[in-house]
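Here is a friendly walk through one protein model, from its surface to its interior and on to its charged pairs. Have the structure open as you read.

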Amino acid sequence: MKYDIRDYTDANALRQEVETMNAFGPRLTGNPAHKAYIAHLKRQIRDMGLKVYSDPHFFNRWEAKNASIVVHDALGAVDIPVSSVFPYSGETPPGGVTGELILLKGKRLSFIEARDKIAVVRVSNLDILPSRLAFDERRSQPEDLHLPKNYSGPVATAFVNFPFLAVAKAAGVKAVICIWNGLPDALVQGQYLPFIMDYQGIPALWVNETNGQTVIDAAAQGKHATFTLEAEWEKNCESESFYCILDGKNSDEAVLINTHTDGTNCIEENGPAALLALIRCLKDKPLNRKHIFVFVSGHFRLPDFKDVIGGGVQATSRWLAEHQDLWNGKRGHIKAVAGVSVEHLGCKDWQCNGSEYFPTGDIAPELVYTGNRMMDDIYYHALEDRQRVRTLTLRGHNFLHFGEGQPLFNVHIPEIALVTAPDSLCVVSDSHEMDKFDETLMLEQTQTFLNCLTIIDDLPSEAIGECERYSLLHL
């Protein structure tokens, strides 16, 4: 059976839902905006007549409140614009800390030179990591669409090439100024990166390359600076993941549909808007299996939310660890025969060209993990009515699988997981990055996932098959 998502939503309604989400403010894990957004989502699900099951989680929340860098010289003071904070790095007293600037020239681990000083570290764009090291392409549409030769950009750079703040702390450094190198100033503005690290205990800020040169020049002249990073701590902050269940004829099998509720802008966590539309469509339809819609918290606080029992790494792993009765098929438990992960919809394509960061006028390539050959076939069949398609399907490779579909893959649930990765994903901005969002594309993508779900539901579990394992090597 095929259903039309336009009977339950349209592009304007999806945009309005995204704008409502934006109005709460950046939804960093556990902050008031995130809690308000969760309440908004739960209310809509209850208004559909469905029961919402909640899982409270507690962690220590850190959030920056004030950040500045002021360089001092004989003529006075020079304010250095800050591009963004280094999440969960550390904090200073309200008046900041003052010390001599010292540039660590290619000696990332030599923080001992900066003892009792403010370290300045260049962080160069990571453009030498072969894409084939991290990704295994299955196929694409159009067929000539491929990943770039090297994996680069702010997310890859911050995850792999970040300053070793723990070493800086141990060396007695007062603070660290991280200067982006080789990336356009407009691209790095507001990047909330890296968000995968535990609390570091030393304050750090990001500065773009242009303003960073002023800092580097000041360090070369032995100038001092006042570095301020004030942050709010909330001990035992409560956040929650939640889910709802649509019943089916076969109560022993289920399909999991997951997304996350926390994030930075209109693209990073717009998956809940799509899930609401899917629930509205399917809630009164005859289903062959249970459909469990999971909205997880913790995607931007992974050290506190990941759980190795549930596949580790991403926030959905904690939900899987706590609800094994809903998916692992053991000892009378429900068996999840497939999973669908939905995040990062409606992405326009923006590219870098030297110092320029600009829209191409196209849609961003969709990165979609598929858990086996059958799930790959299902996804491409679900695309047949799409007006705009730029899709690459991937297999988990070299133990890497990005996005909230990874826990499903790690516990061997065959999945279809959208994780489009534009450079703007982690940006906090006043615009919420709405200039990079396309609601018509989001509507098409939501229809694609509705098609995936209906195709999966019509197939016996034997036809869906088992989840593949990670492919290895072939660099």
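Let us begin on the outside of this predicted model. Phe 399, Leu 472 and Leu 473 make up a nonpolar surface patch, and together they offer about 350 Å² of accessible area. You can find Phe 399 in the loop that runs between strand 18 (391–395) and helix 12 (406–410). Its relative accessibility is 57%, so Phe 399 counts as exposed.

Now turn to the interior. The largest nonpolar core has 136 residues, and those touching the most other members are Leu 101, Val 176, Ile 177, Phe 293 and Trp 319. Helix 8 (residues 271–282) supplies the largest share of this core, with nine residues. Another core, of ten residues, lies apart from it and includes Ala 134, Leu 392, Leu 394 and Ala 417. Beyond residues up to four places away in sequence, Leu 101 touches a list of partners, among them Val 71, Ile 118, Val 120 and Ile 177. Lys 223 and His 224 are also among the residues that Leu 101 touches.

Next come the charges. Side chains of opposite charge can pair when their charged atoms come close. The structure holds 30 salt bridges, and three of them are set out here.

| Salt bridge | N to O distance |
|---|---|
| Arg 15 and Glu 439 | 2.9 Å |
| Arg 61 and Glu 234 | 3.0 Å |
| Arg 139 and Asp 377 | 2.6 Å |

Take Arg 15 and Glu 439, whose side chains meet in a salt bridge. This pair links helix 1 (residues 11–23), home of Arg 15, with helix 13 (residues 439–458), home of Glu 439, across 424 residues. Arg 15 is partly exposed at 25% relative accessible area, whereas Glu 439 is buried at 16%.

The side chains of Arg 61 and Glu 234 also form a salt bridge. Arg 61 sits in strand 1 (residues 53–73) and Glu 234 in strand 11 (residues 224–246), so this pair ties together parts 173 residues apart in sequence. Arg 61 is buried, with 3% relative accessible area, while Glu 234 is partly exposed at 26%.

In the salt bridge between Arg 139 and Asp 377, the partners are 238 residues apart, with Arg 139 in strand 7 (residues 136–141) and Asp 377 in helix 11. Arg 139 is partly exposed at 33%, and Asp 377 is partly exposed at 41%.

Helix 11 (residues 373–382) also holds Asp 376. Which residues does Asp 376 contact, leaving aside its neighbours within four places in sequence? They are Arg 138, Arg 139, Thr 370 and Thr 393. Asp 376 counts as buried because its relative accessibility is 3%.

How values were computed
Residues are numbered from 1 along each chain as its sequence is written. This is a predicted model: local features need pLDDT of at least 70, side-chain atom pairs count only at pLDDT 80 or more; totals for chains, interfaces and linings use all residues. Side-chain values use heavy atoms; hydrogens and water are left out. Helices (H or I, at least four residues) and strands (E, at least two) are DSSP runs, numbered from the N terminus. Buried means under 20% relative accessible area, exposed over 50%, partly exposed in between (1.4 Å probe, protein chains only). Contact means heavy atoms within 4.5 Å. A nonpolar core is a set of buried Ala, Val, Leu, Ile, Met, Phe, Trp, Tyr and Cys residues joined through side-chain atoms within 4.5 Å. Patches are made of residues with over 30% relative accessible area and no salt bridge: like charges are joined within 9 Å, nonpolar side chains (Val, Leu, Ile, Met, Phe, Trp, Tyr) within 5 Å. Accessible areas come from the Shrake-Rupley method with a 1.4 Å probe; for residues, only the protein chains shown count as cover. A salt bridge is a side-chain nitrogen of Lys or Arg within 4 Å of a carboxyl oxygen of Asp or Glu.
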